[in-house]
Amino acid sequence: MSSPTNRRADLSDKLRSLPSVDRVLSEPALSGALDRWRRSQVVAAVRAELDTARAALGNGGETTFTAPIVAELADRALGQRLRPSLRPVINATGVVIHTNLGRAPVSEAAARAMSEAASGYSNLEFNLGQGNRGSRANHLEPLLQAVTGAEAGVAVNNNAAALYISMAAHCAADAQRTEVIVSRGQAVEIGGGFRIPDVLRDAGAKLVEVGTTNRTRAADYAAAVTERTAAILRVHSSNFRIVGFTEEPSARELRAVADEAGIMLIDDVGSGCLLDTRDFGLAYEPRPQDSIEAGADLVLFSGDKLLGGPQAGLIVGRRDSVDQLRSHPLMRVLRPDKAAVAGLAATLSHYLAGDAVETVPVWRMIAADPEELRQRAEAWRSEVGAGQVQPAHSAIGGGSLPAETRPTFVWSLEHPHPTDAARQLRDRVTPIVARVEHGRLILDPRTVLPGEDDEVIAALKELVGGAA
Ligand SMILES: *Cc1c(COP(=O)(O)O)cnc(C)c1O
């Protein structure tokens, strides 16, 4: 029988047997950590593990906390806490613009330009000719003019910021004119809780909804105009599609309504698609240059969706409308950093050179020939010695072209525990993100970058070998 007194004596023995901090620090398991991190960080981690051990023993835990065990625990905790948690992954999902996986990978030229801008000084806001202050907005404007045909252009942090500053500068600055007319079918949530009605309200504009969810006519907009109306806002329904009995007026029709009323037309086209998606067997995706041609005062789009560049919001349109944004106090809050400016310039240059389909990764992936994808999936299968090659569909993703897919060929494996297999692929030093469908593990070569095939093959070999 163990009396309370015995148990207390037992506990104090156990606590006394815990190793000292110095004893744990001398364990080989921590030599790597001591090389890599400041000693004080390692000491703190060891102390934290010893505290946890003391608490566990106090609660009647029976574990033996030897110096090697505590060192091991401290090393693992340090790794989890201090190692950069953002790291490269291989996207084998087949979703080209995968928002959770960082959206668009940029071109080699854009990555180089971003790295150069980040690692050295640049003329970001310096006029080299005159040796005095310049403007960061000037680096992108000529390129934005050239690709979209607009009079003026400017970049901000992302497209959400583009919409926010456009509303704040043009639909909230004059307290007498804050109403913004939006079709009921377009007062949508873009994703991540970004809702058009909330953005307008927060920016100080007043949403006036017109029409119905599925049908809105130009006359509905015209009837909603008052002396308090600032603008018509059109928002591309990027991540969903209403099919069937639907109607939305074109930008040109809305331009006519706006002209009649003397108000602005602001067009959020979303994905920043500069190429004609119909050439790739996809539905038409609104292009900024088409909206400019139709007469929109401001056209807004993302830099890292179908444009295929770094995160940014691009705003193009009339000179006076863009200049009003440039001089708004929020511009300083929302401006892009130098790496984004450099990456955007390099990305836009691909479109001006006419080689975007070859150089911009998202377009290279969208354009990839199914036969070439079949050959890659076959090569994986023959190297791995398992799995099947099957026809499937890749999605475009990123809130663009909803329900649109491209035919592909995937490597697929029937597996008793496919979600465990997918997890094993994600647990690698370079995680691989795959799909699980109908009890099968599926990897789509379309979104696996060419240099990543060897890593995928090695991972699948290990997976198949481990399961055997
Ligand atoms: C994606 C999207 C946004 C938000 O763009 P971010 O660059 O993610 O901020 C806004 N409007 C539309 C229509 C979009 O598709």
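A residue counts as buried when its relative accessible area is under 20%. That cut-off comes in handy straight away for strand β18 (440-443), which is covered on both of its faces. Arg 440 and Ile 442 sit on one side of β18, Leu 441 and Leu 443 on the other, and all of these are buried. What follows describes a predicted model, starting with the whole protein and then coming back to β18 and its surroundings.

Taken as a whole, the protein has 20 helices and 18 strands. Its C-alpha trace spans about 95 × 55 × 55 Å along the principal axes. Of the 468 residues, 47% are buried. Contacts often link parts of the chain that are well separated in sequence: if one takes the contacts between residues at least 6 apart, 74% of them join residues at least 24 apart.

Back to β18, then, and to the sheet that holds it. Strands of a sheet pair through backbone hydrogen bonds, and they can do so either parallel or antiparallel. Here five strands make an open sheet, and reading across it gives the order β2-β14-β15-β18-β17, with mixed pairing. At the edges are β2 (95-97) and β17 (435-437), each of which pairs on one side only. Ignoring direction, neighbouring strands are turned by 40° against each other on average.

Walking across the sheet from the β2 edge, β2 is joined to β14 (residues 388-397) by two bridges, and this pair runs parallel. Val 95 has Ala 395 of β14 as its bridge partner. Further along, β15 and β18 run antiparallel and share four bridges; in this part of the sheet, Trp 411 stands opposite Leu 443 of β18, and that leucine is one of the buried residues mentioned at the start. At the other edge, β17 and β18 also form an antiparallel pair, this time with three bridges. Val 436 is matched there with Leu 441 of β18, another of the buried residues.

The strands β17 and β18 make a hairpin with two residues between them. His 438 lies in that loop, and its phi is near 50°, a positive value in a residue other than glycine. Is His 438 buried or exposed? With a relative accessible area of 79%, His 438 is exposed, in contrast to the buried residues of β18. A positive phi also turns up at Arg 103, where the angle is near 55°. This arginine belongs to the loop between β2 and α6 (108-119), and it counts as partly exposed because its relative accessibility is 24%.

Two helices pack on the sheet. Helix α18 (residues 370-384) touches β14, β15 (405-414) and β18, and its direction makes about 10° with that of β15. Helix α19 (residues 418-426) touches β17 and β18, with an angle of about 35° between its direction and that of β18. Strand β18 is thus touched by both α18 and α19.

Elsewhere in the protein, two helices pack against one another. These are α7 (residues 141-148) and α15 (residues 338-353), whose axes lie 10 Å apart at an angle of about 30°. Angles under 35 degrees count as roughly parallel, so that is how α7 and α15 are described. Their crossing is left-handed. On the α7 side the contact is made by Leu 143, Leu 144, Ala 146 and Val 147, and on the α15 side by Ala 345, Leu 348, Tyr 351 and Leu 352. How do these residues divide by type, and how many are charged? Eight are nonpolar, while none is polar and none is charged.

Leu 144 of α7 also appears among the contacts of Val 154. This valine is found in strand β5 (residues 152-156), and it is buried, with a relative accessible area of 2%. Leaving aside neighbours within four places in sequence, Val 154 is in contact with Ala 137, Leu 144, Gly 313, Leu 314, Ile 315, Val 322, Arg 326 and Met 331. A further pairing of positions gives a feel for the fold: Val 154 and Leu 330 are 176 residues apart in sequence, yet their C-alpha atoms are 13 Å apart in space.

Conventions:
Residues numbered from 1 in each chain as written. Predicted model: local features only at pLDDT ≥ 70, side-chain atom pairs only at ≥ 80, totals over all residues. Heavy atoms only, no water. Axes fitted to C-alpha atoms, helices over the stretch in contact; angles between N-to-C directions. Parallel < 35°, antiparallel > 145°, perpendicular 65-115°, else oblique. Left-handed = near helix turned anticlockwise from the far one by under 90°. Contact = heavy atoms within 4.5 Å. Nonpolar A, V, L, I, M, F, W, Y, C, P; charged D, E, K, R; others polar. Pairing = 2+ DSSP bridges. Buried < 20%, exposed > 50% of the residue type's maximum accessible area, 1.4 Å probe, protein only.
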